[in-house]
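The following questions and answers guide a first-year student through one protein chain. Please keep the sequence and the structure in view while reading.

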Amino acid sequence: MILPFSIILGGATIISLALKYRFINILKQCFITISGLILLGLVVNITIYEIFITALMTWMPALILVMILQRTRSFVLTIQISAIVAILLLLLFYFLVGNTGLFWNQILINLSEILVQSGLTEQASIIKNQSAVISQQMTILMITMTWSMYSIILILGCAIYRASTLKVLDYGKFSDLNFGRFFAIITAISSLLLFVFNVEWLINLAYLCFLFFWLQGLALIHWFHEEGSLPTIGLILVYVMLPFLNVLIIMILAVAGYTDAWFNYRLRMKN
């Protein structure tokens with residue numbers, strides 16, 4: 001839990017700073033921060049490798065997102081581009097790996113061994129017994145979680161920037177997020193093709209394209225809140241329930257976002 005939280009918070013901070021200052025200044029601050037973390041690691045017994053990997057996972061994607069955002073000058077387009085990259089990574093993964101079941105089974109075996117060495121034998125046993133089922137879901141789970149995490153980093157970073165400066169960020173708002181019918185059509189076509197071609201990569205492609213829309217569903221919730229249709233307590237409840245009913249809430253938001261892509265609820269309600 002600590003690593004994902006540190007990645008999200010650190011990445012969002014980098015985005016807010018990169019929007020405020022020059023790029024070269026951000027690189028200098030990153031170098032100074034890494035140097036400080038290395039010195040701290042000598043005290044708390046954290047290796048330089050672990051610090052470097054965490055920093056790389058935190059800052060590099062955040063800086064790339066900022067560069068795309070500043071080039072496109074559109075928050076929505078930046079999120080859409082990141083979704084296209086996620087699709088390409090999914091297809092590339094299947095092209096390079098081939099048998100994903102064997103790939104993830106080996107990783108799960110290594111993970112279970114680490115857990116046994118840490119004294120978590122019960123958790124290791126669960127992973128070993130359920131490895132066949134877990135390995136089938138790992139590809140879509142990892143790509144969806146990674147895309148969602150860095151999308152949240154971008155959203156939170158822009159929010160921090162708005163709160164810390166008097167300048168107006170004219171790149172759009174999160175509540176305006178809409179993947180449009182392009183992604184909706186890809187989702188529909190890939191889902192229909194499953195009736196003819198029951199292959200793993202196509203199944204995960206259909207799932208991935210559909211799960212993109214959970215973020216649009218969340219943006220829809222924010223739009224209702226901004227328009228006064230949803231009280232603040234309702235918005236808070238969505239975020240409170242998300243960690244506990246994450247699968248259910250995400251699926252509900254994905255359905256709301258997907259149907260919004262076809263029917264555009266926000267435009268209809270404005271009219």
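**Arginine 266 and its surroundings**

Q: Which residue offers the backbone oxygen that the side chain of Arg266 reaches at 2.6 Å?
A: In this predicted model, the side chain of Arg266 extends to a backbone oxygen at 2.6 Å. Arg266 itself is found in helix α13, residues 265–270. The residue that provides the oxygen is Ser175.

Q: With which side chain does the side chain of Arg266 make a polar contact?
A: A polar contact requires an N or O pair within 3.5 Å. The side chain of Arg266 meets this limit at 2.6 Å with the side chain of Asp260. Asp260 also appears among the residues in contact with Arg266, which include Gln216, Leu220 and Trp223. The partner is therefore Asp260.

Q: Is Arg266 buried or exposed?
A: A residue counts as buried when its relative accessible area is under 20%. The relative accessible area of Arg266 is 6%. Arg266 is therefore buried.

Q: Where is Ser175 found, and what is its relative accessibility?
A: Ser175 is found in the loop between α7 and α8. Ser175 counts as buried because its value falls under 20%. The relative accessibility of Ser175 is 1%.

Q: Which side chain is joined to that of Ser175 by a polar contact of 3.0 Å?
A: Leaving aside neighbours within four places in sequence, Ser175 is in contact with Ala219, His222, Trp223, Glu226 and Arg266. One of these residues is joined to Ser175 through a side-chain polar contact of 3.0 Å. That residue is Glu226.

**The chain and its core**

Q: How many helices and how many strands are there in the chain?
A: Read along the sequence, the chain follows a pattern of α elements. Buried residues make up 38% of its 271 residues. The counts are 13 helices and 0 strands.

Q: Which helix gives the most residues to the largest nonpolar core?
A: Nonpolar side chains tend to be buried together in soluble globular proteins. The largest nonpolar core here has 47 residues, and those with the most contacts inside it are Trp147, Phe179 and Phe212. Elements that give two or more residues to this core include α3, α4, α8 and α10. The helix that gives the most, with 9 residues, is α7.

Q: Which residues does Phe212 touch, not counting those up to four places away in sequence?
A: Phe212 is among the residues with the most contacts inside the largest nonpolar core, together with Trp147 and Phe179. Both of these partners are touched by Phe212. The full list is Ala83, Ala86, Ile87, Trp147, Phe179 and Phe183.

Q: How far apart in space are Leu108 and Gln130, C-alpha to C-alpha?
A: Leu108 lies in helix α5, residues 100–117, and counts as buried at 5% relative accessibility. In sequence, Leu108 and Gln130 are 22 residues apart. In space, the C-alpha to C-alpha distance is 9.8 Å.

**Cysteines and confidence**

Q: How many disulfides does the structure hold?
A: Cys158 is buried, with a relative accessible area of 2%. Cys209 also counts as buried, at 0%. A disulfide needs two cysteine sulfur atoms within 2.5 Å. The number of disulfides in the structure is 0.

Q: In which helix is confidence lowest?
A: The chain averages a pLDDT of 80, and 76% of the residues score at least 70. Confidence is highest in α10, at 92. The lowest mean, 60, belongs to helix α2.

Note on methods
Residues are numbered from 1 along each chain as its sequence is written. Side-chain values use heavy atoms; hydrogens and water are left out. Helices (H or I, at least four residues) and strands (E, at least two) are DSSP runs, numbered from the N terminus. Buried means under 20% relative accessible area, exposed over 50%, partly exposed in between (1.4 Å probe, protein chains only). A nonpolar core is a set of buried Ala, Val, Leu, Ile, Met, Phe, Trp, Tyr and Cys residues joined through side-chain atoms within 4.5 Å. Contact means heavy atoms within 4.5 Å. A polar contact is a pair of N or O atoms within 3.5 Å; within protein, one must be able to donate a hydrogen and the other to accept it, and residues adjacent in sequence count only if both atoms are side-chain atoms. pLDDT is the predictor's confidence in each residue, from 0 to 100.
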